[in-house]
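Here is a short note to read beside the structure. The points are numbered so that each can be checked in turn.

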There are 2 protein chains.
Amino acid sequence: MNEMRPIRAKSGTNQEGTSAHNRRVMIDALRLNGQLSRADLARATKLTKQTVSNIIEDLEQDGLVVSLAAVRNGRGQPSTPYRLVPDGAFAIGLQIDRHVTRAIAVDLVGTVLVRAQANLPPGGPANGAKVILDLIEHVRTELAGVADQAEKRLVGLGVAMPGPFGLATDNDDQWMMAAWQNFPLLETLAAGTGLEVALQNDATACATAERMVGAAHGIDHAVCLYVGYGIGAGLILNGELYAGGNGNAGEIGMVLLPPSARHPTQASLEHRASLASLYQHLGADPAEPGLHERLNTLVNNDDPAVVSWIDAAAEELRWGVQLIETIFDPQTVILCSSGPEILTRKLFEAIPPLLPSNADRPDRSAPRLQLGMTDPWSVALGAAAEPISRAFDPRFSAILKTRANALG
Amino acid sequence: MNEMRPIRAKSGTNQEGTSAHNRRVMIDALRLNGQLSRADLARATKLTKQTVSNIIEDLEQDGLVVSLAAVRNGRGQPSTPYRLVPDGAFAIGLQIDRHVTRAIAVDLVGTVLVRAQANLPPGGPANGAKVILDLIEHVRTELAGVADQAEKRLVGLGVAMPGPFGLATDNDDQWMMAAWQNFPLLETLAAGTGLEVALQNDATACATAERMVGAAHGIDHAVCLYVGYGIGAGLILNGELYAGGNGNAGEIGMVLLPPSARHPTQASLEHRASLASLYQHLGADPAEPGLHERLNTLVNNDDPAVVSWIDAAAEELRWGVQLIETIFDPQTVILCSSGPEILTRKLFEAIPPLLPSNADRPDRSAPRLQLGMTDPWSVALGAAAEPISRAFDPRFSAILKTRANALG
DNA sequence: TTATTAAGTCAATTGCTTTGACTTATTTCT
DNA sequence: AGAAATAAGTCAAAGCAATTGACTTAATAA
């Protein structure tokens with residue numbers, strides 16, 4: 001009625017939405033179960049055999065699924081299982097960190113096909129944007145070399161960088177992550193690559209990766225506790241990534257901790273348990289070349305400074321796990337880190353015994369805390385997984401109409 | 001293929017799901033915007049005028065919406081606005097607390113039509129179940145007296161009680177909330193009333209209420225910080241209530257706090273800022289008759305013990321708000337309490353200044369912290385709002401098929 | 001050898017949204 | 001005053017994806 005006042009409403013849907021959802025459900029089911037026959041899919045999705053047949057036929061023509069040899073399962077006609085075709089789709093993931101940027105190309109099932117890395121010069125986007133675009137271009141070219149029709153089947157570019165996003169920045173980081181936030185990064189990348197671009201923070205990216213190929217595969221409620229330069233939680237709630245009202249949900253590194261006997265000043269969790277805190281503890285320069293390797297050696301040699309940091313950090317993380325369990329009530333918590341694998345593993349081992357929480361249930365199936373991917377590339381992998389997930393995973397928003405029809 | 005191994009998959013959808021969703025979207029839009037014409041609805045939902053006309057006609061016949069007088073809005077045919085019919089649906093809400101149980105009847109727009117209360121004898125469900133069923137029956141009869149067709153339009157019974165649910169209970173509460181948890185409450189209520197029954201914890205119920213008629217109305221990301229006998233957070237994420245993997249998300253009262261100078265022992269937030277902590281601070285018996293009124297008087301008279309508790313609790317809650325903002329990144333945090341209104345208000349006023357957090361954004365619209373409903377009946381209201389929401393609000397699960405067809 | 005069971009297809013039907021033309025009612029322009 | 005423009009809303013037909021029920025195929029069990 002009044003065209004001045006904006007009308008708040010959710011979007012409706014139609015048969016296109018229905019069909020899109022059902023396609024996604026099929027793909028998701030194949031991803032989770034490996035291979036399924038049409039009859040299996042019909043039972044699992046509650047659709048009719050005929051509907052499943054129609055959709056599977058479409059998906060096969062689109063090159064997203066293939067049939068396997070028929071299998072006899074007792075009485076009745078043998079079934080023909082289908083599985084996903086890895087080459088059915090590709091995506092590129094980009095991780096922007098303080099000192100380094102990584103790019104990865106993955107396929108529909110999350111296999112990494114290409115990886116490349118470049119150092120980021122200090123000074124933020126002014127100097128870094130070209131490095132990044134070149135890196136993406138490089139990965140894209142390599143991808144075209146190893147996979148047929150890669151360009152045609154490229155569904156998007158996912159970007160992961162440390163959050164939080166969109167704050168009034170008084171964050172005077174010498175590496176100027178803040179500067180990256182003000183820079184029109186997504187627009188620049190979209191223009192420079194011609195791809196759909198989406199952004200997530202590094203903890204969320206880890207969760208995305210764990211969901212596609214890791215410990216959160218097929219789990220509807222999981223939280224990744226990510227120990228990177230900072231600390232964050234990547235949230236999978238109701239089977240979908242949750243980013244919060246402004247994309248900053250899960251920034252548990254910024255939770256303030258009251259002063260305690262051990263730590264007489266108030267501080268954030270991040271100050272006490274992140275890799276940044278480790279570097280400070282060691283008196284190391286985060287930008288030091290080969291730091292990752294040196295750290296690796298120190299951990300392997302049980303360097304006393306590292307050991308003491310692990311003990312202290314594990315105690316904080318133990319608390320963090322209890323916090324996450326209490327607040328999100330997930331089915332499992334997954335520990336991820338961008339540090340050396342051995343460090344992550346030792347940290348993981350130092351965290352138990354877990355504190356009492358509502359996760360102490362008689363009916364548990366998954367462990368309360370498990371070790372996630374320990375590959376430093378997992379953030380980049382998560383970045384690459386995001387466009388795949390957005391294009392193929394069932395989600396509410398995929399059902400809804402995105403634009404009105406010709407006639408109102 | 002293999003019938004032994006369960007197949008994990010999401011449910012598909014069909015035209016029924018589409019239609020159900022579109023109906024819900026219309027109702028939601030009318031709830032949020034008060035009144036809208038068919039043309040308005042078509043624009044807002046991105047559906048066609050014709051589709052909207054069909055659905056509105058249905059809804060009108062179902063008695064859920066009515067047309068109002070046509071209004072001229074400039075050039076063109078005048079539009080005919082529609083609004084929700086309060087009597088279009090009803091629900092009953094039940095709050096089970098330690099010492100008291102309350103029941104409420106609400107209509108489609110959340111107006112409270114009947115309220116009734118009864119004392120719960122100690123001893124848990126053995127003694128309490130009959131009291132509760134009688135109370136519900138009483139409310140139901142009263143409702144039938146004040147509203148036509150109430151019985152026919154009753155969509156369900158919502159239950160709210162303190163969580164957490166389903167834990168290995170070593171919780172030796174003399175009022176035996178634990179006993180309630182083991183009692184087949186939902187089954188008993190469903191059998192005794194013939195209604196659909198659903199359960200939520202009290203903080204979630206508060207959020208449900210705030211979402212239907214309060215500060216979270218139309219907000220997609222909001223968290224209710226609920227100060228009751230315990231402390232909890234009610235979560236509205238992506239426009240839907242979030243309950244976690246086991247219905248225990250948001251139990252922030254159970255977050256462990258490290259020992260601090262002020263509090264030399266480790267404890268949960270609940271121990272320091274809940275009404276239970278206030279009763280303890282005052283040396284009051286929570287079961288004392290007329291405690292609510294006495295507390296009201298004490299607060300009004302600025303009783304020193306109460307004032308000191310408010311100061312201490314506010315400090316903990318200030319931290320709690322920062323925690324919520326950091327972890328959930330909501331658009332707003334809403335303070336709710338089951339205590340006397342004046343106490344809630346004073347607590348609310350004592351919490352600022354808020355701690356720095358990612359909620360400190362240049363582009364904020366809603367206040368970081370606002371006061372929710374201060375009515376002690378708001379938990380019961382939220383309980384009653386749940387069936388209404390479940391029946392009429394747009395949600396992913398409402399689109400999906402719930403059972404397979406005749407032919408696989 | 002025959003009955004039974006299950007996978008999968010075929011052709012027709014159903015049901016909701018969309019389309020495009022049309023009617024109605026009001027304001028604005030000439 | 002009359003004509004043109006604009007917007008709300010209806011009508012009847014078309015489009016489209018899932019459903020239905022009968023049918024075919026291929027295996028095991030009796």
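1. Helices and strands here are DSSP runs, numbered from the N terminus, with at least four residues for a helix and at least two for a strand. In chain A, A:Pro353 sits in the loop that runs between helix H12 (341-350) and strand S15 (369-371). The model is a predicted one.

2. The peptide bond that leads from A:Pro352 into A:Pro353 is cis, and its omega is near 5°. Chain B also has a cis bond, from B:Pro352 to B:Pro353, with omega near 5°. B:Pro353 belongs to the loop between helix H12 (341-350) and strand S15 (369-371) of chain B.

3. Two residues of chain A deserve a look for their backbone angles. A:Lys46 is not a glycine, yet its phi is positive, near 70°. A:Lys46 is placed in the loop between helix H2 (38-45) and helix H3 (49-61) of chain A. Its relative accessibility is 27%, so A:Lys46 counts as partly exposed. A:Asn238, again a residue other than glycine, has a positive phi near 55°. The loop that holds A:Asn238 joins strand S10 (231-237) and strand S11 (240-242) of chain A. A:Asn238 is partly exposed because its relative accessibility is 45%.

4. The domain assignment splits chain A into domain 1 (15-84), domain 2 (88-207 + 382-392) and domain 3 (217-372). Note that domain 2 is made of two stretches of chain A. Between the centres of domain 1 and domain 3 of chain A, taken over C-alpha atoms, there are 39 Å.

5. How many residues does each chain bring to the contact? Chain A gives 92 residues and chain B gives 91 residues. The size of an interface is often given as the accessible area lost when the parts come together. For chain B and chain A the buried area is about 7,400 Å², with 56% of it on carbon and sulfur atoms.

6. The interface of chain B and chain A has two salt bridges by the rule used. B:Lys10 pairs with A:Asp220 in a salt bridge, and their closest N and O atoms are 3.9 Å apart. A salt bridge here requires the nitrogen and oxygen to lie within 4 Å, so this pair qualifies. The interface also holds 34 residue pairs in polar contact, both residues being at pLDDT 80 or more.

7. Which elements of chain B give two or more residues to the side that touches chain A? Among them are helix H1 (15-33), helix H2 (38-45), strand S10 (231-237) and helix H11 (304-328) of chain B. H1(B) supplies the largest share, nine residues. By residue type, this side of chain B has 41 nonpolar, 33 polar and 17 charged residues.

8. Over all chains, the structure has 34 salt bridges. One of the pairs is A:Asp97 with A:Arg98, at 3.6 Å from N to O, and both residues are buried. In chain A, A:Glu196, A:Glu386 and A:Arg390 are linked by a network of salt bridges.

9. A:Asp360 and A:Arg368 form a salt bridge with their closest N and O atoms 3.5 Å apart. A:Asp360 is partly exposed, because its relative accessibility is 38%. A:Arg368 has a relative accessible area of 13% and is therefore buried. In chain B, B:Asp360 and B:Arg368 meet in a salt bridge at 3.4 Å, N to O. B:Arg368 is buried at 13%, and B:Asp360 is partly exposed at 38%.

Methods. Residues numbered from 1 in each chain as written. Chains lettered and ligands numbered in written order. Predicted model: local features only at pLDDT ≥ 70, side-chain atom pairs only at ≥ 80, totals over all residues. Heavy atoms only, no water. Contact = heavy atoms within 4.5 Å. Buried area = accessible area lost by both parts, 1.4 Å probe. Salt bridge = Lys/Arg side-chain N within 4 Å of Asp/Glu carboxyl O. Polar contact = N/O pair within 3.5 Å; in protein donor to acceptor, adjacent residues only side chain to side chain. Nonpolar A, V, L, I, M, F, W, Y, C, P; charged D, E, K, R; others polar. Domains from an automatic or database assignment. Buried < 20%, exposed > 50% of the residue type's maximum accessible area, 1.4 Å probe, protein only.
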